[in-house]
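The following exercises concern domain division, a ligand shell and a sheet. Each task is followed by a worked solution.

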Amino acid sequence: MNDESVQELASKEGVDQPFSAESLKKLCLEEGADDVGFVNIDREAISFERNDLLTAYPKTQTIISIIKTMNRENIQSPIRYVANNEFHHMSHHIEEISRRIILKLNQRGIRGVRTSMGFPMDADRWPGKIWYVSHKVMAVQAGIGLMGIHRNVIHPKFGNFILLDSILIDTPVDRYDQPLQENPCFECRLCISACPVGAVREEGLDFTACATHNYREFMGGFQDWVEQVVSSKSVKSYRSKVHDRETVSFWQSLSFGANYKAAYCMAVCPAGEDIIHHYHADKKAYVQEIVKPLREKEEPVYVNKGTRAESIAKRNKYKELRYAHFHMRPRSVAQFLMGIKLVFDPLKGKGVEVTIHFEFTGKEKVSATVTISKGRLEVHDGLIGKANLRAKVDSETWVAFLNGERSLFRAIITRKLRIKGNPIHLMRFQNSLAI
Ligand code: B12
Ligand code: SF4
């Protein structure tokens with residue numbers, strides 16, 4: 001849309017009226033988005049996101065969700081820098097599209113904010129929710145696509161080979177979109193079989209497994225590497241922990257954008273009109289051409305010791321097992337209670353049946369019940385049911401203990417931690433966590 005037509009529309013519509021969804025959609029597509037949809041800030045389904053959205057832009061009325069397709073063959077390549085180059089290039093591209101959309105909207109008197117499609121994020125909130133806008137949630141609500149078993153959004157036409165972005169604007173539109181009725185994911189489970197660390201599971205993504213391997217050179221994986229550097233007493237000791245090619249890979253990540261180690265779940269997904277006929281025409285050939293080269297690629301695979309991810313990686317003779325530690329040291333009780341859900345490992349927690357009542361005192365006064373049962377960990381507010389163990393603990397002491405800065409013994413003798421029940425339950429709980 002040229003500047004003249006923008007001005008023409010602006011004068012026709014005025015911005016204090018609900019804006020025409022149709023003309024906004026046209027503008028977004030003309031600026032290069034491959035699909036677009038709109039969500040109202042008051043929608044119930046995004047209520048858990050509202051605080052963050054309004055922190056990012058207090059005047060938000062409408063969330064514009066846009067997508068950009070990637071070149072599928074790049075993402076499927078067993079040469080991962082070919083895929084990473086596509087991810088990075090298209091990340092910049094979609095952000096540039098959002099930037100252009102917002103500048104065009106500014107000319108119509110509409111103001112707004114675009115955050116970021118991925119990184120950078122708010123590192124001050126680490127290890128909490130470091131992003132303010134969950135683009136998948138917005139895309140689903142905007143009717144762009146639905147999440148498959150692998151938790152990526154699948155567009156009915158382009159499949160999951162899309163990147164997402166969201167723009168928060170101060171103006172309502174005259175029509176909002178609704179989630180799709182039919183999920184393009186047809187449960188072929190290729191994503192489950194392709195992930196070298198078994199992170200994709202029907203019961204939900206194993207966040208720690210994916211973050212430890214795929215994000216080896218990001219965030220907590222990067223912390224791990226730094227700690228390996230500083231804890232090495234000599235060059236020889238560093239080299240015994242980190243291969244030269246791994247050091248070079250970290251350099252490459254710092255210089256050119258972090259290397260994803262896998263994204264195989266996305267690479268193999270055959271859902272979506274543009275792709276599915278390749279799969280249905282000859283399923284065996286599809287697996288041979290797309291899945292097998294990734295499964296049989298010889299490469300290092302990063303896992304935490306004793307986890308389900310380790311047991312899965314071990315079964316694949318093409319993968320070299322490398323032990324890592326994805327660091328997520330909580331800085332508050334709230335982060336602890338959120339984080340344990342992400343780091344619970346079903347293999348390490350196998351056979352554990354325990355209920356713990358936590359009563360946190362001091363800075364963060366919170367009560368919570370943590371239950372591990374039948375290979376699942378749940379956290380509930382308040383003290384619910386009968387506990388095997390009751391722990392009354394000063395919140396700051398607990399956080400210091402989790403970060404290795406305070407011993408449990410010292411916490412007990414200074415009466416900052418009071419336990420009722422057999423402490424073995426606390427150990428069992430701790431041993432069920434992947435990190
Ligand atoms: C956090 C994050 C991750 C995490 C968690 C993955 C996930 N499924 O959410 C990790 C590091 C593992 C990850 C990996 C990848 N990601 Co990512 N990631 C994000 C991010 C920042 C937010 C995701 C989100 O909305 N979560 C909210 C909830 C509703 O999603 P969920 O699936 O139910 O929740 C999972 C996690 O988020 C986690 N979680 C939930 N709450 C919290 C809170 C905290 C504090 C933490 C740490 C985690 C966490 O637990 C769940 C898993 O058990 C977005 C960018 C953004 N700002 O939106 C990109 C995004 C989701 N990622 C994307 C991509 C491409 C990937 C990778 C393919 C990267 C790669 N190149 O290898 C892999 C795919 C892994 C997979 N199968 O999901 C794309 C997805 C595009 C699409 N078609 O859907 C996004 C949308 C980026 C973008 N702008 O396009 N990612
Ligand atoms: S690979 Fe198959 S099971 Fe996995 S998300 Fe895609 S369609 Fe669904």
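The protein chain is divided into domain 1 (3-169), domain 2 (191-323) and domain 3 (333-431), with bounds taken from an automatic or database domain assignment. This is a predicted model, in which local features need pLDDT of at least 70 and side-chain atom pairs count only at pLDDT 80 or more, while totals for chains, interfaces and linings use all residues. Residues are numbered from 1 along each chain as its sequence is written, and chains are lettered from A and ligands numbered from 1 in the order in which they are written.

**Exercise 1.** Describe the contact of domain 1 with domain 2.

*Solution.*
1. The C-alpha centres of domain 1 and domain 2 are 27 Å apart.
2. Their contact draws 22 residues from domain 1 and 24 residues from domain 2; two residues are in contact if their C-beta atoms, placed from the backbone, lie within 7 Å.
3. On the side of domain 1 that touches domain 2, helix H4 (72-76) and helix H5 (80-107) are the elements that give two or more residues. Helices (H or I, at least four residues) and strands (E, at least two) are DSSP runs, numbered from the N terminus.
4. H5 gives the most to this side, with five residues.

**Exercise 2.** Determine where ligand 1 lies relative to the domains.

*Solution.*
1. Around ligand 1 there are 34 residues, of which Ser134, Asn152, Val153, Tyr260 and Ala263 come nearest; a residue is counted if its C-beta atom, placed from the backbone, lies within 6 Å of the ligand.
2. Two or more residues each come from helix H6 (135-141), strand S6 (162-169), helix H8 (207-213) and helix H12 (264-268).
3. S6 gives the most to the shell, with four residues.
4. Because domain 1 and domain 2 both give residues to the shell, ligand 1 lies between them.

**Exercise 3.** Establish the strand order of the open sheet and what packs on it.

*Solution.*
1. The open sheet has five strands in the order S11-S10-S9-S12-S13, with mixed pairing; two strands pair if DSSP finds at least two bridges between them.
2. Strand S11 (376-381) and S13 are the edge strands, each pairing on one side only.
3. Strand S9 (residues 354-361) and strand S12 (residues 389-394) pair in the parallel sense over six bridges, and phenylalanine 360 has valine 393 in S12 as its bridge partner.
4. S12 and strand S13 (residues 417-421) run antiparallel, joined by five bridges; arginine 390 is bridged to lysine 420 in S13.
5. Helix H17 (residues 395-402) packs on the sheet, touching S9, S12 and S13, and its direction makes about 100° with that of S12. Axes are lines fitted to C-alpha atoms, for helices over the stretch in contact, and angles run from 0 to 180 degrees between N-to-C directions.
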